[in-house]
Each structure stands twice: as structure tokens, then as C-alpha cells.
Amino acid sequence: MTLYDILGISQAASEQEIKKAFRKLALQYHPDKNKNADATEKFSLIQQAYDVLSNPQLKLAYDKRLQQGHTVPQEEYPNRHPRDRARRYNYPPKPRGPSEEQILKQKALPYFQYVAKAGVFLILFMVVDILLPVRLNEKTIVKISSYSNRKISYDIMHFNDGTSYKVPRDLEYRLEIDDKVVFYQTYLSRTTRQFTVPRLTFTYTKLATLYTNFRFVPLLFFLGVICAFIFKNKIDFSFSLGVVNLFLFITIFIMLI
């Protein structure tokens, strides 16, 4: 059925004939005068047909679509208020319930909760580790070698137990073979918190560890674990927080081993 069929006119009808047909049908099917169940729907179709055929540009576009085999106009008409168009056309209903993305996030949340629970034990381990007495590990320098490339160069001190350590800039050209170096390490993880060179009465604390320069990492993780339990019902926030907590958990674990 075409819009011309709805108004009961031919495609060659004049502007006056279109208006006359519309007024006649509008009076017949107006919901205020016609109480039949289908009167509203018919009046809506009549109004739609008149909106197109009374506008020369829209009528021309519609006639071209008829030649291509289309009977229903595909475009929406800018001269109509959006609220009226919403009443006239039956748009597909919006999907109800969570989206696929939300479902995937919700499935991942229990695993992120496991990370948060494991994080509690990891934080407790670090607290105990830092509260216990430090271990003193004395080593003797048996060799000092140099490393350099196009960008950096530094010395490396090799110890009698087979381990090695980069020489800080503050100690360059001051160390000698057979110098003693005392490492202050945590009791459980054996993380070096500082080391001293007794002969030079020098103590070095600028170490890249979780207990020195990078202590903000476990602090952020601690705050993230707390928020993971507080906001566990907020899917989007908990998912984003879970990703951050997982990254921090892996980072801390690698730096401790």
C-alpha cells in the first residue's frame, strides 16, 4: 500500500486534491469523532501520508522511491516534532537488562574479589616482614667491573658469594677490593632496605624496593583492596578497580621474590 492509496487518490493528484482527500479522511477517522479501536492507527497513517505528499520536496523523493519499488518512506521528516514522530512510528523497543559488556564484567568480578582477598594476605605478609628484626648480611667485594653502552655506564661490585650489585654514583671510585659491605634485609622476603660500607662510614638508602623508593605501590594496593570490598556491588567501578589491583598484585609479587 502506498501513501496515495491511504488517501485514496492517484499519483497525479493535484495539491488541492491532496488537501481535500486529507480533510475528508481526517474528519472521518479523527480519534475525537471516531471511537473505533483502529481509528487512531488509521488517522496516524493518514497524517503521515499527508505530511509527505503535501511537501513538494518530500513528495518528489517519495515518487522516486516508488519507481524503485519502495512503498514506505524511509526518512524521518525534519518539519515534525520528535515527540510527534515517536507517537507516529513504532520504534523497536530498547533491550532490557544488562548489556553483554556488563555481563562479562559481572562474570569477572568474583575473580577480582579473589585477588583482593589474596591481597589482604600479601599486605599482612609485608607488614610482618617490615616489623620483624632485619637480617645483616655481610659480603666481601672480590671484583669491580665496568659496564657501558651508548647511553649509560656504571660499575658493578662482585661479592664472595657470587652475587653482584650496581655501584651507586656516590661510591664510584671509592670502593676497593676486599671492602666489606653490610646489607640490611627484611626477615622474610630478604629485601634489601639499605647497605653500608664500614670502611667509608657510608650508608646507602636510595634503593628501588617496595620498602624504600617504591613504598607507594603497596600503599596504593592497600587502598585498592579496601575499595574493592566497599564498592563490590558497583560493576563498572569494581571492574576497573579489579584490573588495577591485579596489576599491582603482580608487580608487588614480582618485586618481593
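Asp179 is found in the loop between E3 and E4, and this residue offers a convenient way into the predicted model described here. With a relative accessible area of 5%, Asp179 falls below the 20% cut-off and therefore counts as buried. Beyond its neighbours within four places in sequence, Asp179 is in contact with Lys139, Thr140, Ile141, Arg174 and Arg199. The C-alpha atom of Asp179 is also separated by 8.3 Å from that of Pro198, a residue 19 positions away along the chain.

With this starting point in place, the overall plan can be introduced. The protein contains eight helices and six strands. Along the sequence these elements follow the pattern α-α-α-α-α-α-β-β-β-β-β-β-α-α. Of the 257 residues in the protein, 37% are buried. Among contacts with a separation of 6 or more, 54% are between residues 24 or more positions apart. The protein exposes about 17,400 Å², and carbon and sulfur atoms supply 57% of that area.

The strands come next. All six form an open sheet in the order E3-E2-E1-E4-E5-E6, with antiparallel pairing. Strand E3 (164–166) and strand E6 (202–204) stand at the edges; each has a single partner strand, so one side of each is left without a neighbour in the sheet. From one strand to the next, the twist averages 35°.

The sheet can be followed pair by pair, beginning at the E3 edge. Strand E2 (residues 153–159) pairs with E3 in the antiparallel sense over three bridges, and His158 stands opposite Ser164 in E3. Seven bridges join E2 to E1, and these two strands also run antiparallel. Here Ser145 stands opposite Ile156 in E2. The two strands E1 and E2 form a hairpin, with four residues between them.

On the way across the sheet, strand E1 (residues 135–148) pairs with strand E4 (residues 180–185) in the antiparallel sense over six bridges. Two facing positions illustrate this pairing: Lys139 stands opposite Val181 in E4, and Asn137 has Phe183 in E4 as its bridge partner. Lys139 has already appeared above as one of the residues in contact with Asp179. E4 is in turn joined by four bridges to strand E5 (residues 192–197), again with the strands running antiparallel. Gln185 stands opposite Thr192 in E5. The hairpin of E4 and E5 has six residues between the strands, and within this hairpin Arg190 takes a positive phi near 55°.

Turning to the helices, H3 (residues 39–53) has 15 residues, which at 1.5 Å a residue should span 21 Å; the end C-alpha atoms of H3 are 21 Å apart, in agreement with that value. Because 11 of its 15 residues are buried, H3 is largely enclosed by the rest of the structure. The buried positions of H3 are Ala39, Phe43, Ser44, Ile46, Gln47, Gln48, Ala49, Tyr50, Asp51, Val52 and Leu53.

Helix H6 (residues 100–131) has 32 residues, and from its first C-alpha to its last it reaches 47 Å, close to the 46 Å expected at 1.5 Å a residue. H6 bends by about 30° at Leu109, and a proline, Pro110, follows within four residues. Leu109 is itself among the buried residues of H6, which also include Lys105, Ala108, Phe112, Gln113, Val115, Ala116, Gly119, Leu122, Ile123, Met126 and Asp129. The buried residues of H6 pack against two helices, H7 (216–230) and H8 (235–256).

One further residue of H6 deserves a look. Lys117 has its place in this helix, and at 43% relative accessibility Lys117 counts as partly exposed. The C-alpha atoms of Lys117 and Ala228 are separated by 9.4 Å, although these residues are 111 residues apart along the chain.

Technical notes: Residues are numbered from 1 along each chain as its sequence is written. This is a predicted model: local features need pLDDT of at least 70, side-chain atom pairs count only at pLDDT 80 or more; totals for chains, interfaces and linings use all residues. Side-chain values use heavy atoms; hydrogens and water are left out. The expected span of a helix is 1.5 Å times one less than its number of residues. The bend at a residue is the angle between axes fitted to the seven residues ending there and the seven starting there. Buried means under 20% relative accessible area, exposed over 50%, partly exposed in between (1.4 Å probe, protein chains only). Contact means heavy atoms within 4.5 Å. Accessible areas come from the Shrake-Rupley method with a 1.4 Å probe; for residues, only the protein chains shown count as cover. Two strands pair if DSSP finds at least two bridges between them. Axes are lines fitted to C-alpha atoms, for helices over the stretch in contact, and angles run from 0 to 180 degrees between N-to-C directions.
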